[in-house]
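User: I'd like a close look at one part of this protein, the open sheet and what packs around it. Could you walk me through it in one go?

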Amino acid sequence: MIAHVLIDIKHHAVDQSFDYLVPKHLEHTLKKGMRIKVPFGTQTITGVIIDFAKTSDITSLKVVKDSFDGFVLFDDERLNLSQSLAHKYHYPRISYLNAMLPSALHLSYATAYEVLDKSRLPHRLQGYFEHTTTIHQTAVEPKDLTHIKQAIDDGLIHAKPRIKQSAKAKTITMMRLVALKPVKGPAQQKLINTLKALGSQADKKTLLEKAAVSEGPLQTLIKNGLIKKEETEVYRQLESMFKETDKPIELNDEQTAALKTIQASFNEGKTFLLHGVMASGKTEVYIKLIKALTPGQQALVLLPEIALTPKLLSRFKAALNEPVAVYHSGLSVGEQYDEWRRILREEVRVVIGTRSAIFSPLKNIGLIIIDEEQSETYIQQDHPEYDAVDVAQLRCEHHQCPLVLGSATPSVKRYYQSVQGQITRITLNKRPISISPPTIHIIDMKASFKQGNKGFLSNELKTAIQTRLANHEKTLLMINRRGHSWFVLCRDCGARALCQNCHISLSYHQTTNTLHCHHCGHKETFTGICQTCGSHRIRHMGLGTERVEQMLKDTFKEARVLRMDKDTTTKKSAHEHILYEFETSGDILVGTQMISKGLDFDDVTLVGVLSADMGLFVPSHYAESETFSLLLQIAGRSGRRDTKGDVYIQAYQADHPVLDAVAAQDYQRFYERDIRYRKLTKTEPFYALSLIIIKNKDENKAMVTAMKMATALKRALKKDVIGPADYAYKKINQYYQKQIIIRHQKESKVYDLLNRLKKTYFKDGTIITITHNPRQF
């Protein structure tokens, strides 16, 4: 029997299946979708079985060494899904299979070198084994690797491959009563009686606590065969700070009609756009849809931000009255592994998570819901790239089930598809009677500055915050920028503090007095001295969340100010802790766009947006649609109960048409303007754009490769090939970057061409990435 195997190496040169001979003793053990250990070159590595065959064109086959996990990781659906995604997004297929696994199952490879005959080793290698017989490969200097390889070939050193993963099930020690007979001493009898009262079985800790005895008598009972000690696997418990509360659901006529329309397509792979204004009750429709599934059918609910998960998870658990799995990157390695196994073992039928949850090992999907479908967080930018909405459509087609895309501000692409009849649009215009839409005020900061206000808050917003503090109501303030300042500038020579790897401005962080590059992760201490001219006249330019937090504390000394951004949410459960603290004792929450979507607090009656027009002028065809969506989403956090809310949007281009549409809360006005622009500029949804980035540490090599690719593309496509040119970030992490942009409509043909070109030119230190419909150029 022959196994077709995808090797666990993420490189285009080996992005194909390799044939291996299955030994007789493994023929009935190995299954399609399993990981196995195989020899590859001089190393032992893992691979995934994607199929079997009776014969092979290869005459001399290597033999499979063993199974790795011992169970099937990938069913046919997800094996086929990996192939479709690899073709579209131009990453090795194994990358997508690895993306479908929890981090606990990701593998690392290492080699240990054991000396067999030290006396015959070359002199330059003997020092490595002076005090030991075995060394790790990382101990060997690069210049000695060829000598190590030669010593292996000569039989002087043995290479021992090691494959590591962090998967580990949690276990507890259980005590089970297995026999009854007279015992010596009151402590032993107390343990017997306690265990009986606990149903003849209990974990060790509970038993000792309830019996109030030491461990010695327990060990005696185990030794004498009265109690049996067993290690039992348990799942790590995900504790939420938010209470599980179920709100009575009575759907209005619009919600009822939406429910019936989607239910009628429960066995079809149709896509629905649920376009509902803020607070129109989309979540209630989601819950009713899940309840309407037939027994055995599973539901997957995707959210744009980890911050939304705790409260919504509590809501779903209470409403559905059944276990619900949660899956996102904010879980610990062990928690994520446990949740993944609960899904794989079909112990839950509902999964809630962020982008990566789209690959959950669900076997009988009856419904997929993607809330805030327009959010760019559903797009994985690299390693490997994918759009969770596209993946959801593929999974729904396979399972013949509906995909529900919910949003108050749909992406222009999805809304256009609904206009064209490609997907079905369902509209929810009604809010509960007691809830009125917030009043949105656009504040012209140019006029504010001319009136003498040089602070970061307009007088109107400052007064509104003071009013909320006096009324014991809460405020959200959003600025889409992390860090204390945008960049550091020398006022004498004009030089900026730049990243040594990327030639991009560093951001100042006051808490740690450090300069950060948010592209490559480089950090350095801020000295207060210009590295170009030595001047001490340094100014922090711009406004970041950290700086706004400090200025708010200085301005409103009695207020409890909290901050939520990437820097404050690095620790496990940090999102939940910040939101819980804000709900119970906070007054003002300042944050980035992660506070803009889905948060639902009773007493938030004010939202402020600083530098709201900042995102309108980035080099992207999506700049205006993303800004409109972001502003309307954050506006929707204000006044979600009986008290009417206010929103103050500060901008320097206060008369911009996008801001006019936001103030009017008029999606249709925005859409009609934006779709005309997209048709004029030949962008999505009328044309697809593909961005090719060519990277090399040698700028000349990067440009030469880019020119060759551009020539090949122009020859094949005839037109609509732009470039090569410098990418917006000319240098990132020591790599120079050149770009080519192509505009096309025949996607499948272009994907084939780009895959061929990438395999041709991805070599000699050149890295090529391809992004379809990129968010930024």
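To start: in which sense do strand β22 and strand β29 pair, and over how many bridges?

Analyst: Quick ground rules before the tour. This is a predicted model, where local features need pLDDT of at least 70 and side-chain atom pairs count only at pLDDT 80 or more, while totals for chains, interfaces and linings use all residues. Residues are numbered from 1 along each chain as its sequence is written, and side-chain values use heavy atoms, with hydrogens and water left out.

Now your pair: β22 (residues 474-478) and β29 (residues 588-591) run parallel and share four bridges. Strands here are DSSP runs of E with at least two residues, helices are runs of H or I with at least four, and both are numbered from the N terminus. Two strands count as paired if DSSP finds at least two bridges between them. Across this pair, L476 sits opposite L589 of β29.

Zooming out, β22 and β29 belong to an open sheet of six strands, ordered β21-β31-β30-β22-β29-β28, with parallel pairing. At the edges are β21 (439-444) and β28 (561-564), each with a partner on one side only. From one strand to the next, the twist averages 20°. For this and other angles, axes are lines fitted to C-alpha atoms (for helices, over the stretch in contact), and values run from 0 to 180 degrees between N-to-C directions.

Next, the helices. Helix α15 (residues 459-470) lies across β21, β22, β29, β30 (604-609) and β31 (646-651), and runs at about 155° to β30. Helix α17 (residues 574-585) also packs on the sheet, where it touches β22, β28, β29 and β30. The direction of α17 makes about 155° with that of β28. Contact in all of this means heavy atoms within 4.5 Å.

L589 is a handy residue to follow from here. Leaving aside neighbours within four places in sequence, its contacts include T475, L476 and L477, then L562, R563 and M564, and also I578, L579, F582 and I595. L589 is also among the residues with the most contacts inside the largest nonpolar core, which has 121 residues; I290, F316, I358, I368, I370 and I595 are listed with it. The biggest contribution to that core comes from α18, with six residues. A second, separate core has 21 residues, including L457, A464, L469 and L606. A nonpolar core here is a set of buried Ala, Val, Leu, Ile, Met, Phe, Trp, Tyr and Cys residues joined through side-chain atoms within 4.5 Å. As for burial, buried means under 20% relative accessible area, exposed over 50%, and partly exposed in between (1.4 Å probe, protein chains only).

One last stop is D613, in the loop between β30 and α18 (623-635). D613 counts as buried because its relative accessibility is 5%. Beyond its neighbours within four places in sequence, D613 is in contact with Q650, A651, Y652 and Q653. A polar atom of the D613 side chain lies 2.9 Å from the backbone nitrogen of Y652. For scale, D613 and L191 are 422 residues apart in sequence and 70 Å apart in space, C-alpha to C-alpha.

Terms used
Polar contact = N/O pair within 3.5 Å; in protein donor to acceptor, adjacent residues only side chain to side chain.
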